[in-house]
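This report is meant for someone meeting the structure for the first time. It takes up helix packing, then aromatic rings, and then two loop residues.

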Amino acid sequence: MTQKSFTFDHIFDQLTSQESLYRDSVAPLVERFLEGFNATVLAYGQTGSGKTFSMGIGLESVNTPANTQQGIVPRAVSEIFARIRQTAERDGDAFRAQVLVAFLELYNEELVDLLNPRPRTANLPASSAPTIREDGTGKIVWLNVREEEVKSPEELLGVLQRGTLCRTTGSTDMNATSSRSHAIFTVTLRQEKKVNSQPPSAPPVANDDAASTAMVAVAASASTTSLQTIVSKFHFVDLAGSERLKRTNAEGDRKKEGISINQGLLALGNVISALGDETRKAGHVPYRDSKLTRMLQDSLGGNSQTLMLACVSPSDLNYSETVNTLHYANRARNIKNRVVINQE
């Protein structure tokens, strides 16, 4: 085997706890999210490498008690609500927060709203089917997608569990509960803060103490309270694992799903290569080659602080897939996003 070297921000072995993974790599993103920035955690790797377990959006992780094997999403959600509660206690009526969630899967290049599932045989009219669009400011928006307001970590995880039950899984020779779709769980935080603003100082009035005193009194009473609104989104992305059909021995629907999964990941790889190639001049980035890359357009090269979690297998049998995953993540590390606070 040829030796290769890669550089990453963090490396975690098989003995790393879920708590350590969250604290070292994801907790800083939660902090930025609460400040008003968009954030994304993107789990990538071959099938069976532990993506869904690490993300914590599988049924086992959602139902796991705190401080044991809970994944990234339950831990992040608990931290978000704890911080909201602390701010509300400190600022009182000057602070309001609203948390909304949405859960989408991309199955065979078709968007499925996991919080508003329809039979796969149902032909939805184009006007009511989940759709990806770009608004006038260039931001990616999802149309006809159900968002639910949640008021506690328990309520949010209940919604996550309900959506997870609708997600498409299947058995292959490499993974008994293989995810057959890409999934994006989105938490939207809307914060409203009352901010006191002082008007410019009044010009002094020469040689008139009474007038000067009156001017000061008018200026003091003219201070106003404005409402500052910040809306930030946190995308938790669990990509279906890359597959080699000769190893999964997939047939029928499983084979069709595997081909679709690999096509989406190939398109994602092309976008990452276009954005992460430091020698390439600014040019076309093929976001429109797949709905997956279209959905992740803001997360890759856009307005989001993004973490790619590359999951690999320690087995020698998976050496080639591991090297491919590391190359993939190494290119992604070179992407430069443009991050700003989302103030309305």
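Helices α4 and α5 cross in a right-handed sense. The model in which this crossing appears is a predicted one. Helix α4 covers residues 72-91 and helix α5 covers residues 153-165, and their axes come within 9 Å of each other while crossing at roughly 150°. Since angles over 145 degrees count as roughly antiparallel, α4 is described as roughly antiparallel to α5. On the α4 side the contact is made by Val 73, Pro 74, Val 77, Ser 78 and Phe 81, and on the α5 side Pro 153, Leu 156, Leu 157 and Leu 160 take part.

Helix α4 also packs with helix α1, the axes of the two coming within 10 Å and crossing at roughly 45°. This angle makes α1 oblique to α4, and the crossing of α1 and α4 is right-handed. Among the residues of α1 that make the contact are Leu 21, Tyr 22, Val 26, Val 30, Phe 33 and Leu 34, while those of α4 include Ile 72, Ala 76, Ile 80 and Arg 83.

The two crossings can be set side by side.

| Helices | Axes come within | Crossing angle |
|---|---|---|
| α4 and α5 | 9 Å | roughly 150° |
| α1 and α4 | 10 Å | roughly 45° |

These helices belong to a chain that has 10 helices and 11 strands. Of its 344 residues, 44% count as buried. Among contacts in the chain with a separation of 6 or more, 74% are accounted for by residues 24 or more positions apart.

The aromatic rings come next. A pair of such rings is described by the distance of the centres and the angle of the planes. The count comes to 5 aromatic pairs. In one of them, Phe 33 and Phe 234 meet edge-to-face, at 5.4 Å centre to centre and with 65° between the planes. This pair links distant parts of the chain, with Phe 33 in helix α1 (residues 18-35) and Phe 234 in strand β10 (residues 224-238), 201 residues apart. Phe 33 counts as buried because its relative accessibility is 0%, and Phe 234 is likewise buried, with a relative accessible area of 0%.

Phe 103 and Phe 185 form an aromatic pair that is also edge-to-face, at 5.2 Å centre to centre and with 80° between the planes. Phe 103 lies in strand β2 (residues 95-107) and Phe 185 in strand β9 (residues 182-197), so this pair ties together parts that are 82 residues apart in sequence. Both Phe 103 and Phe 185 are buried.

Ring pairs also join Phe 33, Phe 234 and Phe 236 into a cluster. A charged residue meets a ring where Arg 32 lies over the face of Phe 37, at 4.1 Å from the ring centre.

Finally, two loop residues deserve a look for their backbone angles. Asn 108, in the loop between β2 and β3 (110-113), has a phi near 50°, a positive value in a residue other than glycine. Its relative accessibility of 22% is why Asn 108 counts as partly exposed. Asn 144, in the loop between β5 (140-143) and β6 (148-150), has a positive phi of about 60° although it is not a glycine. Asn 144 also counts as partly exposed, at 38% relative accessibility.

Definitions and conventions:
Residues numbered from 1 in each chain as written. Predicted model: local features only at pLDDT ≥ 70, side-chain atom pairs only at ≥ 80, totals over all residues. Heavy atoms only, no water. Phe/Tyr/Trp six-rings, centres within 6.5 Å; stacked < 30°, edge-to-face > 60°. Helix = DSSP H or I, 4+ residues; strand = E, 2+ residues; numbered from the N terminus. Buried < 20%, exposed > 50% of the residue type's maximum accessible area, 1.4 Å probe, protein only. Lys NZ or Arg CZ within 6 Å of the ring centre and 35° of its normal. Axes fitted to C-alpha atoms, helices over the stretch in contact; angles between N-to-C directions. Parallel < 35°, antiparallel > 145°, perpendicular 65-115°, else oblique. Left-handed = near helix turned anticlockwise from the far one by under 90°. Contact = heavy atoms within 4.5 Å.
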